[in-house]
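Please work through the exercises below with the structure open beside the text, and try each task before reading its solution.

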Amino acid sequence: MISSAASANGAKNIRHISLTELENFLILLGEKKFRAKQIWEWIWQKGARSFADMTNLSKDLRQQLGEHFSLPAMQLHTTQHSNDGTIKTGFVTHEGHLCEGVLIPTDTRYTACVSSQIGCSLSCKFCATGYIERKRNLDYDEIYDEVVLLNIQAEKTYGKKLSNIVFMGMGEPLLNYKNVMKAIERITAEDGLAMSPRRITVSTAGVAKMIRQLGDDGVRFKLALSLHAANDAKRNEIMPINETNNLKALIEALNHFHRKTKNEITLEYILFNNFNDSLKDADDLIKVFRQVPADLVNIIEYNPIDLARFEKPSEEKTAVFMAYLEKHKVNARLRRSRGKDIDAACGQLANKSKELAG
């Protein structure tokens with residue numbers, strides 16, 4: 001398999017070099033230094049998919065770039081439109097792997113839900129992606145491409161730019177830490193997409209060590225913990241990662257993160273019928289909420305998948321659960337699922353299209 005950092009002829013990915021390295025390369029070619037800035041703009045601001053797109057460069061320079069570098073940009077593969085306006089997009093990497101992203105429109109925002117891995121290694125029992133083998137991490141430029149392509153989609157479909165980005169697609173972002181951090185740096189950089197980090201949320205199934213690392217690195221984006229069960233026995237049952245990252249460790253890590261950054265934290269809690277939706281479960285959730293500096297608990301509708309035995313609770317049962325949290329002064333919001341009819345809702349991303357290459 002070819003690494004995403006290089007093309008078939010071994011040429012280095014031009015987006016994996018610094019601006020200074022690019023300037024030095026052009027000087028060796030006898031080109032003016034300012035050409036590097038033009039190329040930099042093409043690859044990080046104008047969304048160039050190939051060297052041929054760089055129309056303010058000479059044909060000779062574009063040819064030389066093609067001989068020395070690769071530009072393995074992520075490409076669109078499939079697009080599905082939901083009845084509620086949600087759009088699911090399949091992206092294909094240069095070597096034929098697929099991953100998915102989702103554009104979620106509302107009256108006030110246009111959110112890109114992006115993937116960080118091809119598949120996932122965590123095997124959460126309720127999540128379709130958890131049943132797919134993890135092929136590899138996405139490189140930071142591939143994550144960046146997801147955002148660029150979904151932004152183009154938002155502008156073409158709704159006449160609006162993306163307002164928010166959530167790392168809630170396929171894979172565990174904190175197990176691809178360096179690439180996710182670098183992608184966010186490029187997304188928020190003035191010479192990148194210049195998006196505010198406050199409009200970005202990274203969601204984790206709970207990697208305590210890396211949550212602490214986020215705090216130590218002083219990140220400026222928001223954090224969401226996929227909790228889904230508020231005691232260790234139940235969480236172990238549905239999320240194997242809890243066996244090595246239990247609730248005590250996660251609570252300590254979240255407090256460390258907040259002390260270091262003061263950034264917003266959200267707890268995500270999917271309701272499963274007759275599993276975590278009783279008032280005893282609500283009490284457990286309240287106890288965790290009171291130990292964590294969380295701004296909000298998102299109660300999420302479960303979206304059934306073929307491989308899992310879980311079901312969505314009734315509207316009445318959900319209402320009772322929500323009312324109990326409200327009574328106990330928990331800032332909770334019921335998040336209605338979007339894109340269910342095209343398998344684009346929370347936990348449904350599964351690459352149902354066939355891989356292009358093994």
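**Exercise 1: Helix α6 and its surroundings**

Just after helix α6, Gly 218 takes a positive phi of about 65°. The model is a predicted one, and the tasks that follow should be read with that in mind.

Task: Find which residues of helix α6 are buried, and state which elements they pack against.

Solution: Begin with the helix itself, which covers residues 208–216. A residue counts as buried when its relative accessible area is under 20%, and in α6 this holds for Ala 208, Met 210, Ile 211, Leu 214 and Gly 215. Next, look at what surrounds these residues: they pack against two helices, α5 (177–188) and α8 (247–261), and against two strands, β10 (200–204) and β11 (222–226).

**Exercise 2: The second largest pocket**

Task: Describe the second largest pocket by its volume, by the residues closest to its centre, and by the classes of residue in its lining.

Solution: The volume of this pocket is about 220 Å³. Among the 15 residues that line the pocket, those closest to its centre are Val 147, Asn 151, Lys 161, Leu 193 and Met 195. Helix α4, which runs over residues 140–158, gives the largest share of the lining, with 5 residues. Sorted by class, the lining is made up of 9 nonpolar, 3 polar and 3 charged residues.

**Exercise 3: A hairpin and a salt bridge**

Task: Determine in which sense strands β3 and β4 pair, and then explain which parts of the chain the salt bridge between Glu 100 and Lys 88 ties together.

Solution: Strand β3 (residues 75–81) pairs with β4 in the antiparallel sense, over 6 bridges. Within this pairing, Thr 79 stands opposite Thr 89 of β4. The two strands form a hairpin with 5 residues between them, and in the turn Gly 85 has a positive phi of about 95°.

Now turn to the salt bridge between Glu 100 and Lys 88, whose closest N and O atoms are 3.8 Å apart. Lys 88 belongs to strand β4 (residues 87–92) and Glu 100 to strand β5 (residues 98–105), so the pair ties together parts that are 12 residues apart in sequence. Both Glu 100 and Lys 88 are buried.

**Exercise 4: Salt bridges between distant parts**

Task: For the salt bridges Arg 335 with Glu 268 and Asp 277 with Lys 317, locate the partners and decide whether each is buried or partly exposed.

Solution: The structure holds 18 salt bridges, and these two pairs can be taken in turn. In the pair of Arg 335 and Glu 268, the N to O distance is 3.0 Å. Arg 335 lies in strand β14 (residues 332–335) and Glu 268 in strand β12 (residues 265–270), so this salt bridge ties together parts that are 67 residues apart in sequence. Arg 335 is partly exposed, at a relative accessible area of 25%, whereas Glu 268 is buried, at 4%.

In the pair of Asp 277 and Lys 317, the N to O distance is 3.2 Å. Asp 277 sits in the loop between β12 and α9 (279–291), while Lys 317 is in helix α10 (residues 315–327), 40 residues apart. Asp 277 is buried, with a relative accessible area of 6%, but Lys 317 counts as partly exposed at 27% relative accessibility. A further step is to look for salt bridges that share partners, and these join Arg 15, Arg 49, Asp 141 and Asp 145 into one network.

Methods
Residues are numbered from 1 along each chain as its sequence is written. This is a predicted model: local features need pLDDT of at least 70, side-chain atom pairs count only at pLDDT 80 or more; totals for chains, interfaces and linings use all residues. Side-chain values use heavy atoms; hydrogens and water are left out. On a 1 Å grid over the protein atoms alone, a cavity is a set of points where a 1.4 Å probe fits but cannot get out, and a pocket is an open set with protein on both sides within 12 Å along at least five of seven lines; lining residues have an atom within 4 Å of a point. Grid points are joined across faces, edges and corners, and a volume is the space filled by probe spheres set on the points. Helices (H or I, at least four residues) and strands (E, at least two) are DSSP runs, numbered from the N terminus. Ala, Val, Leu, Ile, Met, Phe, Trp, Tyr, Cys and Pro count as nonpolar, Asp, Glu, Lys and Arg as charged, and the others, Gly among them, as polar. Buried means under 20% relative accessible area, exposed over 50%, partly exposed in between (1.4 Å probe, protein chains only). Contact means heavy atoms within 4.5 Å. A salt bridge is a side-chain nitrogen of Lys or Arg within 4 Å of a carboxyl oxygen of Asp or Glu. Two strands pair if DSSP finds at least two bridges between them.
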